[in-house]
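Reader: I'm in my first year and still learning how to read a protein model. Could you take me slowly through one part of this one?

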Amino acid sequence: MESFQRAQVDTLVERLAEPPRHIIALFGPRQTGKTTIARQALARTDLPSRYLAVDEPDPAAPPFPYDETAVTLPAISQRQRDTQWLVRQWEAARTAAERSPGGSVLVLDEVQKIPDWSETLKGLWDADRLRDCPLHVVILGSAPLLMQSGLSESLAGRFETIRVSHWSFAEMSEAFGFDLPQYLYFGGYPGAAPLVRDPDRWRGYILGGLVEPNIERDLLAMTRVDKPALLKRLFELGADSSGQILSYTKMLGQLHGAGNTTTLARYVDLLAKVGLLAGLQKYSGGPVSSRGSIPKLNVLNTALMTAGSAYSFEEARADRTYWGRIVESAVGAHLFNTAESDMRLHYWREGQHEVDFVLKRGRRVVAVEVKSGEEGRPARGRRPLRGMEEFERRFDSCRGLLVGEGGVPINELLTAPAGEWFEEAWA
């Protein structure tokens, strides 16, 4: 694992080799390796760099004043997390960049914990552009909602995003030696990988170290949620129902809580933004599918589905129906997480006809049907091709992609991003 590097490291190194044109934002869910990516990229560049971890002390870091040869500085006390502190650090990095023949790099980790960070960065970045300062700035944080808000509202046009998604099967296999069944059940969280031999500890890490911070810190603490208990129960229901089409009215009945369908739709959208749970909309064939349609729930990492279940790894594999839902959820999560910004992921169902996933890009559409219970075995009671055939009959500019027995193997689908399989269907 120590030598493994995600593809985003190469991308960041390439950006740092160019003249600074935008603030670079590493953006993605918690515990997907954003800090590791930044550190690995810094180790591969010859530029002097300055890494500021806002909330994590580093006892090996040198003391102030700033040492241009240092990579890491000590953590910042609560009193220092203010605009004045950020300005001072930026100015020191700016001076170092102007003294260095090739410029330098400033990395701000957990930047969202500094009040008014986005407005402050906007002013400093604009000033650097006026003086053509060769300072590269990289920002990252563990609160996707707050990061997204600051970027879109204050730094529009001034940043470039490097997306950091949940780990794919190929990455977990190379870094930790996961085989396909392990990946399907234990999911793609690198921090949890060393714990899979201790199921209780693994579950505690997923639920207490990942799910709880996502909900408590990223959602309840940073956006208005009038019914926090309803939000938590909604996530639990969604994780348990992953791979199923479930109306908001039926959800309300199962949640036994005050609320309405509009509230639930908003909460599902929030859960998707922090990388937990998506509510896929039904494909309609029009420019925009109806947001009022019945959603298909899909966890964005299968660990979120299995950790809260009553199934052990062995029990999950033995239950053909449940394992089939895990496989389908893994495919949906992979397509959702790796889809490019101009792609949309849906599902489709009319009467007895259903397609598991519909991937749309411009006028082109790919109908994806998952035909497997485990590693390509056909799931009991499924007749998948009828739905795909009906979908292709009804909609123009459509291609079918069968995943599993008779089609693309599950492990291959989970190895390449959604865009490649889109092109495969249209080749």
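Which residue forms a salt bridge with Lys 296, and how far apart are the closest N and O atoms?

Author: Happy to! Please keep in mind that this is a predicted model. The partner of Lys 296 is Asp 356, and the closest N and O atoms of this salt bridge are 4.0 Å apart. The two residues sit in distant parts of the chain: Lys 296 belongs to strand S7, residues 296-299, while Asp 356 belongs to strand S9, residues 353-361, and 60 residues separate them. Try finding both on the structure, and you will see that Lys 296 is buried and that Asp 356 is buried as well.

A little background may help here. Side chains of opposite charge can pair when their charged atoms come close. In this model the count of salt bridges is 18, so let us visit some others because side chains of opposite charge can pair in this way.

Stay with strand S9 for a moment, where Arg 361 is found. Arg 361 forms a salt bridge with Glu 340, with 2.8 Å between the closest N and O atoms. Glu 340 lies in the loop between helix H14 (320-338) and strand S8 (343-350), so this pair ties together parts that are 21 residues apart in sequence. Glu 340 has a relative accessible area of 38%, which means that it is partly exposed.

Now move to Arg 15 and Glu 14, whose side chains meet in a salt bridge at 3.9 Å, N to O. Arg 15 counts as partly exposed because its relative accessibility is 22%. Glu 14 has a relative accessible area of 46%, so it is partly exposed too. There is also a third member to look for: Glu 160 is linked with Glu 14 and Arg 15 in a network of salt bridges.

Charged residues also turn up where helices pack. Two packed helices are described by the angle between their axes and the distance between the axes. Helix H8 (residues 199-220) packs with helix H9 (residues 228-240) at an angle of about 140 degrees, and their axes are 12 Å apart. That angle makes H8 oblique to H9. The crossing in which H8 passes H9 is right-handed. On the H8 side, the contact is made by Val 211, Ile 215, Glu 216, Leu 219 and Leu 220, and on the H9 side by Pro 228, Leu 231, Lys 232 and Phe 235. Sorted by kind, the residues of this contact are seven nonpolar, no polar and two charged.

Another charged residue to find is Arg 94, in helix H3 (residues 83-99). Arg 94 counts as buried because its relative accessibility is 9%. Setting aside neighbours within four places in sequence, Arg 94 is in contact with Leu 124, Ala 127, Asp 128, Arg 131, Cys 133 and Leu 135.

Finally, here are two loop residues to look up. Gln 31 is in the loop between strand S1 (23-27) and helix H2 (34-44), and its phi is near 55 degrees, a positive value in a residue other than glycine. Glu 110 is in the loop between strand S3 (104-109) and helix H4 (117-130), and it has a positive phi of about 60 degrees although it is not a glycine. Gln 31 counts as partly exposed at 39% relative accessibility, whereas Glu 110 counts as buried at 9%.

Note on methods
Residues are numbered from 1 along each chain as its sequence is written. This is a predicted model: local features need pLDDT of at least 70, side-chain atom pairs count only at pLDDT 80 or more; totals for chains, interfaces and linings use all residues. Side-chain values use heavy atoms; hydrogens and water are left out. Buried means under 20% relative accessible area, exposed over 50%, partly exposed in between (1.4 Å probe, protein chains only). Helices (H or I, at least four residues) and strands (E, at least two) are DSSP runs, numbered from the N terminus. Axes are lines fitted to C-alpha atoms, for helices over the stretch in contact, and angles run from 0 to 180 degrees between N-to-C directions. Angles under 35 degrees count as roughly parallel, over 145 as roughly antiparallel, 65 to 115 as roughly perpendicular and the rest as oblique. A crossing is left-handed if the near helix is turned anticlockwise from the far one by less than a right angle, and right-handed if clockwise. Contact means heavy atoms within 4.5 Å. Ala, Val, Leu, Ile, Met, Phe, Trp, Tyr, Cys and Pro count as nonpolar, Asp, Glu, Lys and Arg as charged, and the others, Gly among them, as polar.
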